[in-house]
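Let's take a walk through this protein together. Have a look at the model first, and then we'll go from the inside out.

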Amino acid sequence: MVSHLDLKGPLILSPLAGGPSTPELIAAVSNAGGLGSLGLAYDTPEQIGAIIRKTKTLTSKPIAVNLFVPVKDPELSTDQKESALNSTKKYREELGIPSPKIEAPYSLDFDKQFEAMLREKPSVFSFTFGLLDRSYLNECNKNGIITCGTATTLEEGILAEESGVDWLVAQGIEAGGHRGIFSETSEDSGIGLFPLIRALAAKLRIPVIAAGGIMDGAGIAAALSLGAMAAQLGTAFLLCEEAGTSAPYRKALLDKTNLLTKTTRVFSGRIARGLQNRFLKEMETKPESVLPFPAQNAFTRDIRRKSAELGMSDFLSLWAGQGVSQIRQMGAGKLVEILFDELKEATKDPIL
Ligand SMILES: Cc1cc2nc3c(=O)[nH]c(=O)nc-3n(C[C@H](O)[C@H](O)[C@H](O)COP(=O)(O)O)c2cc1C
């Protein structure tokens, strides 16, 4: 993988959709010899084209683009809608925003997003939340684009390999952000990165990439020694200068008194890991009022947006992995350089 893409080392920057992912961040990582991934699941086809082209003006190195596997919009009953509106009424009042209409569509047209990605021919196309039909993977292969799925269990990994993906991200329970669990309604198996990598690396023929809680070169070395071909790091880059992480999100990541992360469905309807704040804690007490994915994601967007605008972290999704206490603040190129140095140090032959 490293030699094929001419990377300096086995390091991938996670796609960080929802703000942190910027052309500057991705280009800085790719220019430093890692593989930068653009998280574009929340972007329109027009934005996807423009963002990839902008990134390509900042780097001539390989980049990856990431989207979400599409799901059917759920049919919501009047009761479900009322319950969702009632449970969040006080937040909208506090923030001074009107109650929204809950109406499909709740997500963007995947086929149009995919076409926009394909036109720009990134080196790698990665995706999460399940499997894609063979026809999408064939289109990528025809255009010289490597495909990469995501799995959180051995069973998902086997299905992903059978579906024809070239690479697979093994996402441990430690990971920040959304869990790549195939089914949006299933419980989380909660498998940690160590056993997941071991199981997948032993069983699959395709390269496996380790993701979840890796914050330094020693963590990358550990993942490689367990059988991973590379490590994918997200949380480690959230405080980089080039990241689009909002000011209140940055402040929360630096708050040493609140470093416990938790998985929750309250922001999007899908399980995701983040720092605990008021919205998470209060909404966790009323799970029956949380809409299914992706309706909840569309429904809470105005609250998250206004919270960011007001500089408050109370209502933001503060995605972060279990390694958040080790987060470092610097330019992304410098961080990649340090990670490679640490990796070299960690893989030196031990004196036995
Ligand atoms: C802020 C944030 C946004 C994320 N967005 C995406 C995404 O759009 N697509 C995706 O496949 N994974 C996404 N992830 C998950 C990452 O792919 C990866 O599993 C995770 O960053 C690894 O754990 P770590 O954050 O502890 O390094 C996101 C993670 C974070 C922290």
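A cavity, on a 1 Å grid over the protein atoms alone, is a set of points where a 1.4 Å probe fits but cannot get out, and lining residues have an atom within 4 Å of a point. Grid points are joined across faces, edges and corners, and a volume is the space filled by probe spheres set on the points. Before we use that, keep in mind that this is a predicted model, where local features need pLDDT of at least 70, side-chain atom pairs count only at pLDDT 80 or more, and totals for chains, interfaces and linings use all residues. Residues are numbered from 1 along each chain as its sequence is written, and side-chain values use heavy atoms, with hydrogens and water left out.

So, how many cavities of 30 Å³ or more does a search of the whole structure find? Just one turns up, and the largest cavity holds about 40 Å³ of space. Its lining is made of Arg179, Ile181, Ser183, Glu184, Ser186, Arg265, Arg270 and Ile271. Domain 1 (1-71 + 107-242 + 331-352) and domain 2 (74-106 + 245-325) each give at least three residues to that lining; the bounds come from an automatic or database domain assignment.

Two of those lining residues, Glu184 and Arg270, also have side chains that meet in a salt bridge (3.8 Å, N to O). The term stands for a side-chain nitrogen of Lys or Arg within 4 Å of a carboxyl oxygen of Asp or Glu. Across the interface of the two domains, the rule finds one salt bridge.

Now step back to the domains themselves. The centres of domain 1 and domain 2, taken over C-alpha atoms, are 25 Å apart. In contact (heavy atoms within 4.5 Å) are 28 residues of domain 1 and 25 residues of domain 2. Together the domains bury about 2,100 Å², with 56% of it on carbon and sulfur atoms; this is the accessible area (1.4 Å probe) that two parts lose on being put together, summed over both. On the domain 1 side, Ser107, His178 and Leu239 lose the most area to domain 2, together 26% of what that side buries.

Key. On a 1 Å grid over the protein atoms alone, a cavity is a set of points where a 1.4 Å probe fits but cannot get out, and a pocket is an open set with protein on both sides within 12 Å along at least five of seven lines; lining residues have an atom within 4 Å of a point.
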